[in-house]
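Hi everyone, thanks for coming. Today I'd like to walk you through one ligand site, so let's get it up on the screen.

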Amino acid sequence: MSKDHEEKQKLKVIQFDKSKNTLVETSQPQETFGDVGGLEAVKKKIRMNFILPLKNPEFFEAYGKEAGGSLLLYGPPGCGKTFLAKAIAGEIDANFLHLELQGILSMYVGESEHNLHDVFEKAREQKPCVLFIDELDALGGSRHNMRQHHERMLVNQLLLELDGLQSHNDQVYLIGATNTPWYLDPALRRPGRFNSLIFIPPPAEQERKEILHLKTKQKPQESLDFHKFAKKTQHFSGADLEQLINDAIEGALNRSMETGELQPMTNGDLSSALKNRKPTTLEWFSTAKNYATFSDVNKDYQHVLEYIKENRI
Ligand code: ADP
């Protein structure tokens, strides 16, 4: 085992286990940035914001700046927000705490806030630590729209924790992900909280080619025309592409079973799979366009409008 690998083994990945109502250690994700197709600008930003500060804290100290901070990833479902966060855990020398908000939502009043507090405490104990909060939409909904008092309490608890992080320079790096940032409580977006918003778009043609390549790596195959399929899958998310490959694999497996011999995946398998798959990102863009056009007072979603225009959605 290499020294690097041994180091990584010592790092901890922690998740909330709803059945035990507690935080448990899980294994280090195997994904790295190499497994994430495209998204180069986002990877660069994450390197600058998270990875390099962890490696060079003395630079920040010299300028009296605190290393740390938060990112909020948003965009259509299936375009790699969670995948990217997992890859960060595989990439960096820090502990990684993955919080799926649904997991800590409890039916008992007060318990969810308690759980949330535990998660932040744990992140501080494990510093340096990346805390990834997935499905922020489950919680951050505008406080005015919330009917239930105890949901509102949970948002307030999150605000409290975010402010606590800011004032203590705890070397806890926060990444949030949501498909619907416009529903987030505006208080969550104030400076020092989730103020850095990053749009994760569907992959462009070259990126789709890369993802198709990554997802078919080491699978039995005839020479596949990635160029053609990347062209034909405009607006497909990474998850849509993965599904397409899975369908094509199923076709190849069926043929193998019929013939009794292992049959490689072919362009024909991919073409048949493509007939039954449509991109799932377009619905998101139609909602996002509404918000970006009529409700975007802070000009947060202009990137999305530009993307819609450039890609003729
Ligand atoms: P999101 O969090 O944006 O809804 P996920 O990160 O859960 O999407 O993506 C779902 C799956 O799609 C991932 O597990 C991964 O296999 C695939 N995927 C999405 N984007 C990419 C990408 N850029 N490169 C490789 N695989 C991707």
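I'll start with where the ligand sits, then go through its surroundings and its polar contacts. Please keep in mind that this is a predicted model.

So, where is the ligand? The space it takes is the largest pocket. Three elements each give two or more residues to the shell around the ligand: helix 4 (81-91), helix 8 (205-216) and helix 10 (238-259). Both domains take part as well, with at least three shell residues coming from each of domain 1 (3-199) and domain 2 (205-275).

Now, who are the neighbours? There are 15 residues around the ligand, and Gly37, Gly78, Thr82, Phe83 and Lys215 come nearest. By type, the shell splits into six nonpolar, five polar and four charged residues.

On to the contacts, which involve oxygen atoms of the ligand. Phe83 uses a backbone N or O atom, at 2.8 Å from a ligand oxygen. Lys81 places a polar side-chain atom 2.9 Å from a ligand oxygen. Glu242 also has a side-chain N or O atom 2.9 Å from an oxygen of the ligand. Overall, the protein covers 82% of the 560 Å² of accessible area that the ligand has on its own.

Thanks, and I'm happy to chat afterwards!

Key. Residues are numbered from 1 along each chain as its sequence is written. This is a predicted model: local features need pLDDT of at least 70, side-chain atom pairs count only at pLDDT 80 or more; totals for chains, interfaces and linings use all residues. Side-chain values use heavy atoms; hydrogens and water are left out. A residue is near a molecule or strand if one of its heavy atoms lies within 4 Å of it. A polar contact is a pair of N or O atoms within 3.5 Å; within protein, one must be able to donate a hydrogen and the other to accept it, and residues adjacent in sequence count only if both atoms are side-chain atoms. Accessible areas come from the Shrake-Rupley method with a 1.4 Å probe; for residues, only the protein chains shown count as cover. On a 1 Å grid over the protein atoms alone, a cavity is a set of points where a 1.4 Å probe fits but cannot get out, and a pocket is an open set with protein on both sides within 12 Å along at least five of seven lines; lining residues have an atom within 4 Å of a point. A molecule sits in a cavity or pocket if more than half of its atoms lie within 2 Å of its grid points. Helices (H or I, at least four residues) and strands (E, at least two) are DSSP runs, numbered from the N terminus. Ala, Val, Leu, Ile, Met, Phe, Trp, Tyr, Cys and Pro count as nonpolar, Asp, Glu, Lys and Arg as charged, and the others, Gly among them, as polar. Domain bounds come from an automatic or database domain assignment.
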